[in-house]
Amino acid sequence: MIYTVTFNPALDYVVFLDELKTGDINRSVRESIFYGGKGINVSTVLNTLGFETTALGFTAGFTGKAIEEGLSEMGIHTDFIHLPEGNSRINVKVKHGEETEINGQGPVITPEAIEALFARLDRLTDKDVLVLAGSIPNTLPSDIYERILARLDGKGIRIAVDATKDLLLNVLKYHPFLIKPNNHELGEMFSTVCETTEEIAHYARELQKMGAGNVLISMAGDGAILITEDGECMQIGTPEGKVVNSVGAGDSMVAGFLAGYEKYGSYREALKSGTAAGSATAFSEGLTTLEFYQTMLAQTEHLS
């Protein structure tokens, strides 16, 4: 089973406008609602690609109930901790040529709820995969990623971490199976700017020296670089398409990579699958469909 953790899930309310006028009434052209949060995005894409997945995390109130019911209707297993007060977030994304976002705060996560999450994670075995992705809400301890990896250390669970700077650097000593910074985040970790593939590969290997297993560096339109746990460096371009959505593309890449590796046991195939899934979402208004993923996957054959 592939488990994901989303600390602060959300209903993403996407509103399309012809024009945004501040201080006035705006009427939408159309609207969409998605179940948001980086871990949920990973679970959604995994489910789309035909892989069984369980979404973990915290929910609250009527919005939390809507998130759980919606994911269940999609075929995604859920095992959220229900918080006693507040509501899960509603994030408003206004699109009118460019995108304006208003992200909610989310409910207070209690110490008792954290212990309940740990109890769920304690059930995982060496046959499971765990994905930790995204920022940490201010009601959680700042070292929650580190505490989770420390608790699971030595159990043989493959853990993928998609986080930035210190959140990521602090867990490398626990040897995560996969990390996925982008090239800008990679540079920030070493107080530099990575401008060439050689520089990106060099600093990716530095992360491996600090404990990372596979290091997948996404580079937007320039494709991706993977340094495998065996030390092999693989590079791939991106399929052709127009970017219309950046939300969830990185999460889709993580999901596609894990799906490809689960299916083929090959890092090259995992890289192709991750690139196809990330690109398909970037070229879509929402997360990728299976059909579009397969179209993009066919294009990756000549890219690597």
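**Figure 1. Overall fold of the predicted model.** Helices (H or I, at least four residues) and strands (E, at least two) are DSSP runs, numbered from the N terminus. Counted in this way, the protein has 10 helices and 14 strands. Its radius of gyration is 19 Å, close to the 19 Å that the globule rule gives for 304 residues, so the protein is as compact as a globular protein of that length. A box of roughly 55 × 45 × 40 Å along the principal axes holds the C-alpha atoms. Among contacts between residues at least 6 apart in sequence, 64% join residues at least 24 apart.

**Figure 2. Surface and charges of the protein.** The accessible surface is about 13800 Å², and carbon and sulfur atoms account for 48% of it. Of the 304 residues, 51% count as buried. The protein carries 24 positive and 41 negative charges, and the mean positions of the two sets lie 2 Å apart.

**Figure 3. Helix α1 and the residue that follows.** Helix α1 spans residues 38-48. Eight of its 11 residues are buried, so the helix is largely enclosed by the rest of the structure. The buried residues are G39, I40, N41, V42, S43, T44, V45 and L46. Just after α1, G50 has a positive phi of about 95 degrees.

**Figure 4. The largest nonpolar core, with F7 and its contacts.** In soluble globular proteins, nonpolar side chains tend to be buried together. The largest nonpolar core of this model has 47 residues. Those that touch the most other members are F7, L121, L130, Y145, I148 and V161. Leaving aside neighbours within four places in sequence, F7 is in contact with F58, I109, L117, S135, P137, L140, I144, Y145 and I148. A second core, separate from this one, has 34 residues, among them A249, A255, L258 and A280.

**Figure 5. L167 and its surroundings.** L167 lies in helix α5, which covers residues 165-169. With a relative accessible area of 19%, L167 is buried, because the cut-off for buried is under 20%. Apart from neighbours within four places in sequence, L167 is in contact with G134, S135, I136, S142 and Y145. Of these, Y145 is also in contact with F7, as is S135. L167 and E146 are 21 residues apart along the chain, and their C-alpha atoms are separated by 7.8 Å.

Terms used:
Residues are numbered from 1 along each chain as its sequence is written. This is a predicted model: local features need pLDDT of at least 70, side-chain atom pairs count only at pLDDT 80 or more; totals for chains, interfaces and linings use all residues. Side-chain values use heavy atoms; hydrogens and water are left out. The radius of gyration is taken over C-alpha atoms; the globule rule is 2.2 Å times the number of residues to the power 0.38. Buried means under 20% relative accessible area, exposed over 50%, partly exposed in between (1.4 Å probe, protein chains only). Contact means heavy atoms within 4.5 Å. Accessible areas come from the Shrake-Rupley method with a 1.4 Å probe; for residues, only the protein chains shown count as cover. Lys and Arg count as positive and Asp and Glu as negative; His and the chain ends are not counted. The place of a charge is taken as NZ of Lys, CZ of Arg, CG of Asp or CD of Glu. A nonpolar core is a set of buried Ala, Val, Leu, Ile, Met, Phe, Trp, Tyr and Cys residues joined through side-chain atoms within 4.5 Å.
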